[in-house]
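Reader: I've got this one open in my viewer and would like to talk it through. Shall we start with the fold and then move on to the charged pairs?

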Amino acid sequence: MKAYVYTIEDEYLGIPLTVEGELVDYEDQDPPFIVIQEISHGNKPLHLWCLSQRFIKHCQDRIFQQWCKEARRA
């Protein structure tokens, strides 16, 4: 099992947000598991419960894309 912490910038909602998430790869040929740890705007954390599942999924997809880009470079 490998775990990676990613911090990405995103403007999907029209404002700059910082998204921190953890990607866990069990190395079993299944897709990794991604948990969004925190989303903030200007160093002020947002409560995840007030954000839509669609946006959370978007953030998970962005982290997955970042992980794939890093894997291609290796």
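Reader: What is the order of the four strands in the open sheet?

Author: Keep in mind that this is a predicted model. The strands of the open sheet pair in the antiparallel sense. Strand 1 (2–10) and strand 4 (44–46) are the edges, each pairing on one side only. Read across, the order is 1-2-3-4.

Reader: Which residue stands opposite S40?

Author: Look at strand 3 (residues 33–41) and strand 4, which pair antiparallel over three bridges. The partner of S40 sits in strand 4, and it's P45.

Reader: At about what angle does helix 1 run to strand 1?

Author: Helix 1 covers residues 53–73 and lies across strand 1, strand 2 (17–25) and strand 3. Its direction relative to strand 1 comes out at about 115 degrees.

Reader: Is D10, the salt-bridge partner of R62, buried or exposed?

Author: The closest N and O atoms of R62 and D10 are 2.4 Å apart. R62 lies in helix 1 and D10 in strand 1, so the pair ties together parts 52 residues apart in sequence. R62 is partly exposed at 27%. The cut-off for buried is under 20% relative accessible area, and because D10 has 4%, it counts as buried.

Reader: Which residue meets K2 in a salt bridge?

Author: K2 is in strand 1, while its partner lies in the loop between strand 2 and strand 3, so the pair links parts 25 residues apart in sequence. The N to O distance is 3.5 Å, and the partner is E27.

How values were computed: Residues are numbered from 1 along each chain as its sequence is written. This is a predicted model: local features need pLDDT of at least 70, side-chain atom pairs count only at pLDDT 80 or more; totals for chains, interfaces and linings use all residues. Side-chain values use heavy atoms; hydrogens and water are left out. Two strands pair if DSSP finds at least two bridges between them. Helices (H or I, at least four residues) and strands (E, at least two) are DSSP runs, numbered from the N terminus. Contact means heavy atoms within 4.5 Å. Axes are lines fitted to C-alpha atoms, for helices over the stretch in contact, and angles run from 0 to 180 degrees between N-to-C directions. A salt bridge is a side-chain nitrogen of Lys or Arg within 4 Å of a carboxyl oxygen of Asp or Glu. Buried means under 20% relative accessible area, exposed over 50%, partly exposed in between (1.4 Å probe, protein chains only).
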